[in-house]
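The report that follows describes how two protein chains are built up, from helices and domains to the shared interior. Please read it alongside the sequence and the coordinates.

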Amino acid sequence: MQPHPQGSPPPPLVRLAHVGKVYDSGTIALADLTLDVAPGEFISLLGPSGCGKSTALRMIAGLGRHSSGLIDWPTSAYDAAGEPEREIGFVFQEPQLMPWATIAENVRLPLKLARVPRARAQARVAETLEMVGLSAFADAYPRQLSGGMKMRASIARALVTEPRLLLMDEPFAALDEITRTRLSNDLLEIWQRTGCTVLFVTHSVYESVFLSTRILVMAPRPGRVIGEVAIDHPGPRDTAWRQSPAYQAGCRRVSALLAEAMGQPAPA
Amino acid sequence: MTPPKATDALHEAQMLSSPPEPAAEAPAPAPAPPARKRTDMADRWLPLAGGLGFLALWQVAVKVLAISPFTLPPPSAVFVALWQDGPELLHALAFTAAITLSAFLLALASGVMLGVALTQNRRIERMLWPYAVALQVTPMVAIAPLVVIWVGLSRAWLALLVLAWVVAFFPILSNTVLGMKSADHGLKNVFTLYRASRWQRFCHLQLPAALPYIIAGMRVSAGLSVIGAVVAEFVAGSGGTTGLAWVITQSGSMLDIARMFAALVVLTAFGLAMNMATGLIQRLLLGAWHESAIEQEN
């Protein structure tokens with residue numbers, strides 16, 4: 001449900017044109033990925049391991065160079081070195097918190113590195129912790145928190161800079177089903193509240209259909225996109241959505257594409 | 001944390017307004033059950049009871065077996081020597097302690113600084129590391145005469161300081177180098193993502209990540225600096241110094257075995273104090289977060 005103004009669609013936040021990545025070993029991690037990420041979208045990259053979905057995410061984040069193609073940020077400023085001001089948040093598969101710092105200090109890290117004044121940063125940290133429901137644990141150390149709560153802290157750290165684009169690399173993969181469901185609900189809430197754009201890497205069909213407005217299904221060797229499914233659902237994404245025929249139809253379509261990606265005949 | 005809003009019929013009710021996780025996931029509780037208190041007490045008194053038992057056995061054995069006081073004096077004689085030679089022993093301790101602490105602090109400062117410097121540049125590390133190792137494997141006793149010649153016999157204390165520093169330096173250097181390299185790869189990515197400067201990376205990532213290693217090195221060095229100061233005095237003191245090693249040598253030559261033991265007791269007590277002090281520093285710096293300081297409850 002991206003807010004499309006009538007007539008011309010808004011320019012994409014980031015545009016990938018025929019992007020490829022070849023490692024030094026000769027492995028083709030990603031071939032010819034073309035993708036426009038429009039503001040407000042929730043896009044999932046779905047596929048088996050080795051399909052280049054994480055590689056794509058890392059290149060968008062600037063954590064690795066692409067070997068071919070173009071990654072452009074049409075609405076972002078570029079600095080003198082030609083680096084775009086990406087305005088992104090990144091949530092890794094592991095929470096990646098500093099064990100020696102409290103949750104509040106961990107969440108403040110991006111602001112501290114950007115030299116935001118302490119008072120302003122702390123207000124923003126409190127606000128963000130509130131958003132992920134961790135206000136009571138601001139002074140706790142990561143080791144004192146459960147896996148789900150650490151992931152919440154990690155999401156808070158990604159959100160603290162008010163990014164326009166939130167990149168998430170299988171953030172819930174290591175969590176149990178109950179915690180994952182809960183975090184998925186909260187992520188949608190945050191997405192709606194902040195109006196940010198999300199690019200979400202996952203290998204779960206159900207997770208991607210539940211969360212996304214658009215799903216790119218990818219195949220390995222070489223990593224590439226083999227299909228795209230739009231999930232158009234105007235209502236709230238809640239338990240009723242999880243049980244609706246539209247959700248199930250979406251899951252079937254995505255599963256069929258995924259089976260194709262794995263080189264298997266689509267199930268009847 | 002806000003309590004769950006029971007009346008909120010909207011689907012959001014299950015989301016952000018509720019506590020993030022079940023109550024079972026609250027931070028680990030601190031108070032220990034009373035049953036453990038009793039074990040703690042026993043833990044505290046058991047070593048003392050063992051020590052007293054050993055002393056009693058020693059006293060009785062010396063009497064029953066009629067061992068000559070020139071071979072093994074009874075503990076009572078050692079206590080008498082401690083009391084009578086107290087001022088002299090404390091004076092010797094002051095000398096040894098000064099050498100030990102200076103050597104230890106020098107080793108700490110130089111080890112951390114050189115360790116940090118080595119890890120900033122791979123070429124510098126490649127260039128200097130083999131020589132640091134060479135310094136480490138060369139027996140301190142073997143270079144003692146050379147050091148004495150360099151600093152001059154009139155400044156034997158300086159020779160002791162240099163030798164004790166050589167011994168205490170390496171564990172801190174090698175641990176700092178290891179620690180500086182041990183920052184988590186995922187966290188390095190986080191810092192890259194937010195475009196941390198080299199200095200920020202050093203202050204907020206490498207140094208805190210290295211801290212547990214540096215402290216482990218520090219604890220080893222604290223013990224080694226005591227050993228270094230004493231051994232150095234044996235081999236390089238040449239009567240020009242007045243530390244505890246000299247007291248031991250002198251008492252030995254005078255067959256005052258009880259005083260030898262008394263000096264040993266003072267030396268051991270000093271070593272224990274060094275160990276406890278570094279243990280306290282470790283708890284202060286790592287207690288809140290590091291795995292080594294966490295008590296697991298099963």
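Helices (H or I, at least four residues) and strands (E, at least two) are taken here as DSSP runs and are numbered from the N terminus. This is a predicted model, in which local features need pLDDT of at least 70 and side-chain atom pairs count only at pLDDT 80 or more, while totals for chains, interfaces and linings use all residues. Residues are numbered from 1 along each chain as its sequence is written, and chains are lettered from A and ligands numbered from 1 in the order in which they are written.

**Chain B overall**

Chain B contains ten helices and zero strands, so that along the sequence its pattern reads α-α-α-α-α-α-α-α-α-α, each symbol being a helix in the DSSP sense. A residue is called buried if 20 or more other C-beta atoms lie within 10 Å of its own, exposed if 12 or fewer, and partly exposed in between, with C-beta atoms placed from the backbone. By that criterion, buried residues make up 32% of the 298 residues in chain B. Two residues are in contact if their C-beta atoms, placed from the backbone, lie within 7 Å; of the contacts in chain B with a separation of 6 or more, 74% join residues 24 or more positions apart.

**Domains of the two chains**

Domain bounds come from an automatic or database domain assignment.

| Chain | Domain 1 | Domain 2 |
|---|---|---|
| Chain A | residues 34–87 + 164–268 | residues 97–162 |
| Chain B | residues 33–67 | residues 70–290 |

In chain A, the C-alpha centres of domain 1 and domain 2 lie 24 Å apart, and nine residues of domain 1 are in contact with six residues of domain 2. Helix H5 (residues 177–194) of chain A supplies the largest share, four residues, of the side of domain 1 that touches domain 2. In chain B, 31 Å separate the C-alpha centres of domain 1 and domain 2, and six residues of domain 1 are in contact with five residues of domain 2.

**Two helices of chain B**

Helix H5 (residues 140–151) of chain B has twelve residues and spans 16 Å from its first C-alpha to its last, close to the 16 Å expected at 1.5 Å a residue, where the expected span is 1.5 Å times one less than the number of residues. Met140(B), Ala144(B), Val147(B) and Val148(B) are buried in H5(B). These residues lie on the same side of H5(B), because they cover an arc of only 105° around the axis, the arc being that of the directions from the helix axis to the C-beta atoms. On the other side of H5(B), Ala142(B), Pro145(B), Leu146(B), Ile149(B) and Trp150(B) are exposed. The cover over the buried residues of H5(B) includes H6 and helix H8 (198–236) of chain B.

In helix H7 (residues 185–193) of chain B, Leu187(B), Val190(B), Phe191(B) and Leu193(B) are buried. They line one face of H7(B), because they fall within an arc of 160° when seen down its axis. Their cover includes helix H1 (53–61) and strand E5 (88–91) of chain A together with H8 of chain B.

**The largest nonpolar core**

A nonpolar core is a set of buried Ala, Val, Leu, Ile, Met, Phe, Trp, Tyr and Cys residues joined through C-beta atoms within 7 Å. The largest such core has 144 residues, of which Leu160(B), Leu163(B) and Ala164(B) touch the most other members. Helix H6 (residues 156–180) of chain B contributes the largest share of this core, 18 residues.
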